[in-house]
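Reader: I am in my first year and would like a close look at one part of this model, namely the salt bridges. Could you take me through them slowly and explain each term as it comes up?

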Amino acid sequence: MYKIPTFHTGFPPMSTGNGSGMRPREHWASRIGFIFAAAGSAVGLGNVWRFPYVVGENGGGVFLIVYLAIVFTLGISIMIAELVIGRAAQRNPVGACRALGGAPWAGLGYLGLVSAFVILSFYCVVAGWTLNYAWTLATRGFASDPAQAFEAFVASPSQTIPVAGVFMALTVAVVLGGVKGGIERANLFLMPLLFAILVALAVRAVTLPGASAGLAFYLAPDFSTFGIGTLTEALGQAFFSLSIGLGAMMTYGSYLDRGQNIPRAAGWVVGLDTLAAIFAGFAILPAVFAAGLSPETGPGLAFVVLPTVFATMPFGALFGTLFFVLLSIAALTSSISLLEPLVAYFIDEHRLRRGGVTVAIGFAAFLLSIPSALSLGPWANYTVFGKGVLDLLDALTAGIMLPAGGLLIALFVGWVLGPRAIMEFDESSERSRFAWIWLWILRIPAPIAIAWILIRWAMQ
Ligand code: PHE
């Protein structure tokens with residue numbers, strides 16, 4: 001009569017490490033390997049390209065405070081939630097949500113896959129810029145007028161489209177090999193190197209003559225600039241930068257073994273990502289003011305300002321090249337985490353082979369990237385709400401789709417998984433108070449805060 005509740009082990013039979021029921025699922029080679037892969041996903045163009053210009057457009061210091069507050073409350077909670085879903089279900093976002101929550105929840109997985117596909121398409125355009133900058137700095141050195149050089153470059157589709165294609169091909173190549181292979185290990189020394197150059201850049205930038213106005217802009221909040229826009233932008237930036245709200249972390253979590261401490265891993269990833277963004281802010285914003293530029297320059301900001309900083313450094317062209325190479329690699333470890341959920345979906349749910357699926361999706365995303373690449377050049381006049389294609393796709397995903405995904409993830413883990421998620425959260429101490437706080441954040445404040453920001457923004 002008495003039945004042992006399956007409840008105890010957390011989840012029904014699928015958490016045996018074999019998502020498809022056929023092939024054994026591969027796992028990360030090591031604990032640190034997983035942290036580096038997840039941090040590799042988080043640290044990328046979001047930190048160096050997107051963060052500084054969004055700070056610049058949203059009032060500086062106020063934005064920084066709001067951003068940090070969101071990252072360390074909502075951001076970390078939702079990252080843990082995604083990892084919990086992934087590890088519990090051991091499968092792709094669609095399969096995971098369906099297996100744990102029933103058929104309607106598969107919709108959450110699909111929303112994530114669409115977001116991943118759209119982000120991948122414009123991400124490779126900006127990553128292409130990075131590749132181009134590495135190459136041009138190495139072969140031709142600094143342009144006399146960096147702002148004008150950037151304008152001329154993005155206006156030329158014969159340059160921007162091929163480099164986006166090259167970057168997409170690199171992404172496909174890595175995902176073909178499986179994200180759990182060499183890339184885990186490569187990150188181990190590439191990331192610290194990128195951090196080292198960022199720190200050197202930051203030191204150089206803050207000591208430039210005229211940098212103090214930029215430091216003040218970045219660090220001294222001017223609350224008069226605060227508005228609903230600050231909240232929306234900070235929320236979108238947090239989701240984008242942490243790679244959450246679309247199932248990338250779910251997918252990486254699905255390659256995770258039991259016995260790993262998820263909250264601790266998430267803490268590392270969030271910490272590293274935030275540090276990278278803060279350093280990028282120090283490397284760019286003071287230099288913007290030192291060079292007499294406007295912080296509201298928009299998406300070209302990093303590409304205009306960083307060369308001016310490198311130009312004032314000994315061996316600037318060399319460091320500059322190395323920096324853009326490392327940034328391209330950081331972008332690559334992010335783009336693979338955008339492609340992998342899609343690939344995992346077709347492998348798990350449709351039993352397709354990794355090879356064909358990876359190439360097909362990569363190619364489709366490349367085709368979609370062409371309008372984004374054109375949008376800063378020949379298509380600059382085609383705008384909706386004053387935004388070109390790249391800006392529009394970016395605003396749609398980061399500003400709406402990722403937060404909406406995050407809201408659903410919070411509700412899903414908070415109310416559908418509920419106490420089951422507690423066991424997955426921290427296997428060592430079922431009753432840890434921290435786990436319950438986390439669950440209650442997901443249940444009430446997180447969905448309300450996200451919904452409130454989205455609704456207020458929509459009403460404007
Ligand atoms: N977080 C990555 C970056 O900052 C971008 C990304 C977003 C990657 C969403 C995966 C998922 O560059």
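Author: What follows begins with the whole protein and then turns to the salt bridges one pair at a time.

This is a predicted model, in which local features need pLDDT of at least 70 and side-chain atom pairs count only at pLDDT 80 or more, while totals for chains, interfaces and linings use all residues. Residues are numbered from 1 along each chain as its sequence is written, and side-chain values use heavy atoms, with hydrogens and water left out.

The secondary structure of the protein consists of 19 helices and 0 strands, where helices (H or I, at least four residues) and strands (E, at least two) are DSSP runs numbered from the N terminus. The radius of gyration is 22 Å, close to the 23 Å that the globule rule gives for 460 residues, so the protein is as compact as a globular protein of that length; this radius is taken over C-alpha atoms, and the rule is 2.2 Å times the number of residues to the power 0.38. Along its principal axes, the C-alpha trace spans about 80 × 50 × 40 Å.

Of the 460 residues, 58% count as buried, and here buried means under 20% relative accessible area, exposed means over 50%, and partly exposed lies in between (1.4 Å probe, protein chains only). Among contacts between residues at least 6 apart in sequence, 84% join residues at least 24 apart, a contact being heavy atoms within 4.5 Å.

Now to the charges. The protein has 23 positive and 20 negative side chains, and the centres of the two sets lie 10 Å apart; Lys and Arg count as positive and Asp and Glu as negative, while His and the chain ends are not counted, and the place of a charge is taken as NZ of Lys, CZ of Arg, CG of Asp or CD of Glu. The structure holds 6 salt bridges, each defined as a side-chain nitrogen of Lys or Arg within 4 Å of a carboxyl oxygen of Asp or Glu.

One of them pairs Asp394 with Arg50, whose closest N and O atoms are 2.7 Å apart. This pair links distant parts of the chain, since Asp394 is in helix α16 (residues 389-417) and Arg50 in helix α2 (residues 45-57), 344 residues apart. Asp394 counts as buried at 4% relative accessibility, and Arg50 counts as buried at 3%.

Another salt bridge joins the side chains of Glu349 and Arg98, at 3.1 Å from N to O. Here too distant parts of the chain are linked, with Glu349 in helix α14 (residues 316-350) and Arg98 in helix α4 (residues 93-101), 251 residues apart. Glu349 counts as partly exposed at 25% relative accessibility, and Arg98 is partly exposed with a relative accessible area of 33%.

The side chains of Glu424 and Arg258 also meet in a salt bridge, at 3.1 Å from N to O. Glu424 lies in helix α17 (residues 419-425) and Arg258 in the loop between α11 (248-253) and α12 (262-290), so the pair ties together parts that are 166 residues apart in sequence. Glu424 counts as buried at 1% relative accessibility, whereas Arg258 counts as partly exposed at 35%. Salt bridges that share partners join Arg87, Arg258 and Glu424 into one network.
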